[in-house]
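This report describes the fold of one protein chain, from its overall form to single residues. Please keep the sequence and the three-dimensional view at hand while reading.

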Amino acid sequence: MKNFVVKTIANAGALAVAVWLLDKITLTGDSTGKKAWTLILVALVFGLVNFLIKPVVKVLTFPLFVLTLGLFTLIVNALMLLLTSWLADKLDLSFHVEGFWTAVLGGLIISIVAWALHVVLPDED
(Lines give C-alpha, C1' and ligand atoms only; values in the text may rest on other atoms or scores of the structure.)
Protein backbone atom coordinates (compact mmCIF):
# COMPACT_ATOMS: atom_id res chain seq x y z
CA MET A 1 0.00 0.00 0.00
CA LYS A 2 2.85 2.36 0.84
CA ASN A 3 4.38 1.71 -2.60
CA PHE A 4 1.09 2.71 -4.28
CA VAL A 5 0.94 5.96 -2.30
CA VAL A 6 4.56 6.78 -3.11
CA LYS A 7 4.02 6.13 -6.83
CA THR A 8 0.88 8.29 -6.82
CA ILE A 9 2.74 11.14 -5.09
CA ALA A 10 5.61 10.80 -7.57
CA ASN A 11 3.17 10.89 -10.51
CA ALA A 12 1.39 13.92 -9.03
CA GLY A 13 4.72 15.70 -8.60
CA ALA A 14 5.78 14.84 -12.14
CA LEU A 15 2.45 16.03 -13.54
CA ALA A 16 2.80 19.26 -11.54
CA VAL A 17 6.22 19.91 -13.07
CA ALA A 18 4.84 19.29 -16.56
CA VAL A 19 1.95 21.69 -15.90
CA TRP A 20 4.42 24.27 -14.59
CA LEU A 21 6.83 23.96 -17.53
CA LEU A 22 4.43 23.63 -20.47
CA ASP A 23 1.76 26.23 -21.24
CA LYS A 24 -0.35 23.78 -23.25
CA ILE A 25 -0.78 21.38 -20.33
CA THR A 26 -3.31 23.07 -18.08
CA LEU A 27 -4.66 22.44 -14.62
CA THR A 28 -7.34 24.85 -13.48
CA GLY A 29 -9.09 25.33 -10.19
CA ASP A 30 -10.46 27.93 -7.83
CA SER A 31 -7.86 27.43 -5.11
CA THR A 32 -4.55 25.76 -4.49
CA GLY A 33 -6.26 23.01 -2.49
CA LYS A 34 -8.64 22.24 -5.36
CA LYS A 35 -5.71 22.15 -7.80
CA ALA A 36 -3.77 19.80 -5.50
CA TRP A 37 -6.79 17.50 -5.15
CA THR A 38 -7.32 17.52 -8.92
CA LEU A 39 -3.63 16.76 -9.44
CA ILE A 40 -3.83 13.74 -7.12
CA LEU A 41 -6.94 12.46 -8.91
CA VAL A 42 -5.27 12.94 -12.30
CA ALA A 43 -2.19 11.11 -10.98
CA LEU A 44 -4.46 8.21 -9.99
CA VAL A 45 -6.01 8.15 -13.47
CA PHE A 46 -2.54 8.37 -15.04
CA GLY A 47 -1.33 5.50 -12.86
CA LEU A 48 -4.32 3.35 -13.82
CA VAL A 49 -3.81 4.11 -17.52
CA ASN A 50 -0.13 3.17 -17.23
CA PHE A 51 -0.95 0.03 -15.26
CA LEU A 52 -3.83 -1.28 -17.39
CA ILE A 53 -3.37 0.00 -20.93
CA LYS A 54 0.32 0.74 -21.41
CA PRO A 55 1.47 -2.92 -21.17
CA VAL A 56 -1.06 -3.96 -23.81
CA VAL A 57 0.06 -1.17 -26.14
CA LYS A 58 3.72 -2.08 -25.57
CA VAL A 59 3.09 -5.73 -26.45
CA LEU A 60 1.11 -4.84 -29.57
CA THR A 61 3.77 -2.39 -30.76
CA PHE A 62 6.82 -4.46 -29.78
CA PRO A 63 8.23 -4.54 -33.34
CA LEU A 64 8.23 -0.72 -33.37
CA PHE A 65 10.14 -0.67 -30.07
CA VAL A 66 12.78 -2.95 -31.57
CA LEU A 67 12.89 -1.07 -34.87
CA THR A 68 13.33 2.34 -33.20
CA LEU A 69 15.65 1.03 -30.46
CA GLY A 70 13.17 2.07 -27.78
CA LEU A 71 12.44 5.59 -29.00
CA PHE A 72 8.85 4.56 -29.67
CA THR A 73 8.47 4.73 -25.88
CA LEU A 74 8.14 8.51 -26.27
CA ILE A 75 5.13 8.03 -28.54
CA VAL A 76 3.51 5.51 -26.18
CA ASN A 77 4.04 7.85 -23.21
CA ALA A 78 2.48 10.71 -25.20
CA LEU A 79 -0.53 8.56 -26.05
CA MET A 80 -0.96 7.59 -22.39
CA LEU A 81 -0.85 11.27 -21.41
CA LEU A 82 -3.41 12.15 -24.08
CA LEU A 83 -5.63 9.30 -22.90
CA THR A 84 -5.31 10.58 -19.32
CA SER A 85 -6.33 14.04 -20.52
CA TRP A 86 -9.36 12.59 -22.32
CA LEU A 87 -10.39 10.55 -19.27
CA ALA A 88 -9.90 13.58 -17.00
CA ASP A 89 -12.28 15.50 -19.26
CA LYS A 90 -14.84 12.69 -19.04
CA LEU A 91 -14.46 12.61 -15.23
CA ASP A 92 -14.87 16.41 -15.09
CA LEU A 93 -11.34 16.99 -13.82
CA SER A 94 -9.78 20.26 -14.93
CA PHE A 95 -6.67 18.80 -16.60
CA HIS A 96 -6.03 19.17 -20.31
CA VAL A 97 -3.18 18.41 -22.72
CA GLU A 98 -3.38 20.34 -25.98
CA GLY A 99 -1.79 18.59 -28.93
CA PHE A 100 0.33 15.57 -29.69
CA TRP A 101 3.75 17.26 -29.58
CA THR A 102 2.92 18.84 -26.23
CA ALA A 103 2.05 15.35 -25.02
CA VAL A 104 5.40 14.01 -26.29
CA LEU A 105 7.33 16.71 -24.44
CA GLY A 106 5.07 16.35 -21.39
CA GLY A 107 5.55 12.58 -21.37
CA LEU A 108 9.31 13.05 -21.48
CA ILE A 109 9.21 15.55 -18.60
CA ILE A 110 6.90 13.32 -16.55
CA SER A 111 9.14 10.27 -17.12
CA ILE A 112 12.29 12.10 -16.03
CA VAL A 113 10.73 13.76 -12.97
CA ALA A 114 8.90 10.58 -11.88
CA TRP A 115 12.15 8.63 -12.16
CA ALA A 116 13.98 11.24 -10.06
CA LEU A 117 11.23 11.24 -7.44
CA HIS A 118 11.22 7.43 -7.28
CA VAL A 119 14.95 7.58 -6.55
CA VAL A 120 14.41 10.03 -3.68
CA LEU A 121 11.16 8.69 -2.19
CA PRO A 122 11.07 5.39 -0.25
CA ASP A 123 9.40 2.50 -2.04
CA GLU A 124 9.28 -0.47 0.33
CA ASP A 125 5.96 -2.15 1.09
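Among contacts in the protein chain between residues at least 6 apart in sequence, those joining residues at least 24 apart make up 73%. The model discussed here is a predicted one.

**Overall form**

The protein chain holds six helices and two strands. In sequence order, these elements give the pattern α-β-α-α-α-α-β-α. The C-alpha trace spans about 45 × 35 × 25 Å along its principal axes. For 125 residues, a compact globule would have a radius of gyration near 14 Å, and the value for the protein chain, 14 Å, agrees with this. Of the 125 residues, 34% are buried.

**Helix pairs**

Three pairs of packed helices are described here, and the table lists their geometry.

| Helix pair | Crossing angle | Axes |
|---|---|---|
| H1 and H6 | roughly 140° | within 8 Å |
| H2 and H5 | about 130° | 9 Å apart |
| H1 and H2 | about 110° | 8 Å apart |

Helix H1 covers residues 2–21 and helix H6 covers residues 100–120. How does the angle of roughly 140° class this pair? Angles over 145 degrees count as roughly antiparallel and those from 65 to 115 as roughly perpendicular, with oblique as the class for the rest outside the parallel range. H1 is therefore oblique to H6. The crossing of these two helices is right-handed. On the side of H1, the contact is made by Lys7, Ala10, Asn11, Gly13, Ala14, Leu15, Val17, Ala18 and Leu21, while H6 contributes Gly106, Ile109, Ile110, Val113, Ala114, Leu117 and His118. Sorted by class, the residues in this contact of H1 with H6 are eleven nonpolar, four polar and one charged.

Helix H2 spans residues 32–52, and helix H5 spans residues 72–90. Their angle makes H2 oblique to H5. H2 and H5 cross in a right-handed manner. From H2, the residues Val42, Val45, Phe46, Val49 and Asn50 take part in the contact, and from H5 the residues Met80, Leu81, Leu83, Thr84, Leu87 and Ala88 do so. Nine of the residues in the contact of H2 with H5 are nonpolar, two are polar and none is charged.

The pair H1 and H2 is roughly perpendicular. This crossing, too, is right-handed. Here Phe4, Thr8, Asn11, Ala12, Leu15 and Ala16 of H1 meet Leu39, Ile40, Val42, Ala43, Leu44, Phe46 and Gly47 of H2. The contact of H1 with H2 comprises ten nonpolar and three polar residues, with no charged ones.

**Selected residues between and within helices**

Is threonine 84 buried or exposed? Threonine 84 lies in helix H5 and counts as buried, because its relative accessibility is 0%. Apart from neighbours within four places in sequence, threonine 84 is in contact with Val42, Val45, Phe46 and Val49. These four residues are also among those that H2 brings to its contact with H5.

Isoleucine 53 is located in the loop between H2 and helix H3, which covers residues 54–60. With a relative accessible area of 34%, isoleucine 53 is partly exposed. If residues up to four places away in sequence are not counted, isoleucine 53 touches Leu48, Met80 and Leu83. One of these partners, methionine 80, is 27 residues away from isoleucine 53 in sequence, and the two C-alpha atoms are 8.1 Å apart in space.

**Two residues with positive phi**

Most residues other than glycine have a negative phi. Against this background, two loop positions deserve attention.

Leucine 69 is not a glycine, yet its phi is positive, at about 55°. Leucine 69 sits in the loop between helix H4, residues 62–67, and H5. Its relative accessible area of 79% makes leucine 69 exposed.

Which phi value does aspartate 92 have? The phi of aspartate 92 is near 60°, again a positive value in a residue other than glycine. Aspartate 92 belongs to the loop between H5 and strand S2, which covers residues 95–97. Aspartate 92 counts as exposed, because its relative accessibility is 71% and the class of exposed residues begins over 50%.

Notes. Residues numbered from 1 in each chain as written. Predicted model: local features only at pLDDT ≥ 70, side-chain atom pairs only at ≥ 80, totals over all residues. Heavy atoms only, no water. Axes fitted to C-alpha atoms, helices over the stretch in contact; angles between N-to-C directions. Parallel < 35°, antiparallel > 145°, perpendicular 65-115°, else oblique. Left-handed = near helix turned anticlockwise from the far one by under 90°. Contact = heavy atoms within 4.5 Å. Nonpolar A, V, L, I, M, F, W, Y, C, P; charged D, E, K, R; others polar. Rg over C-alpha atoms; globule rule 2.2 N^0.38 Å. Buried < 20%, exposed > 50% of the residue type's maximum accessible area, 1.4 Å probe, protein only.
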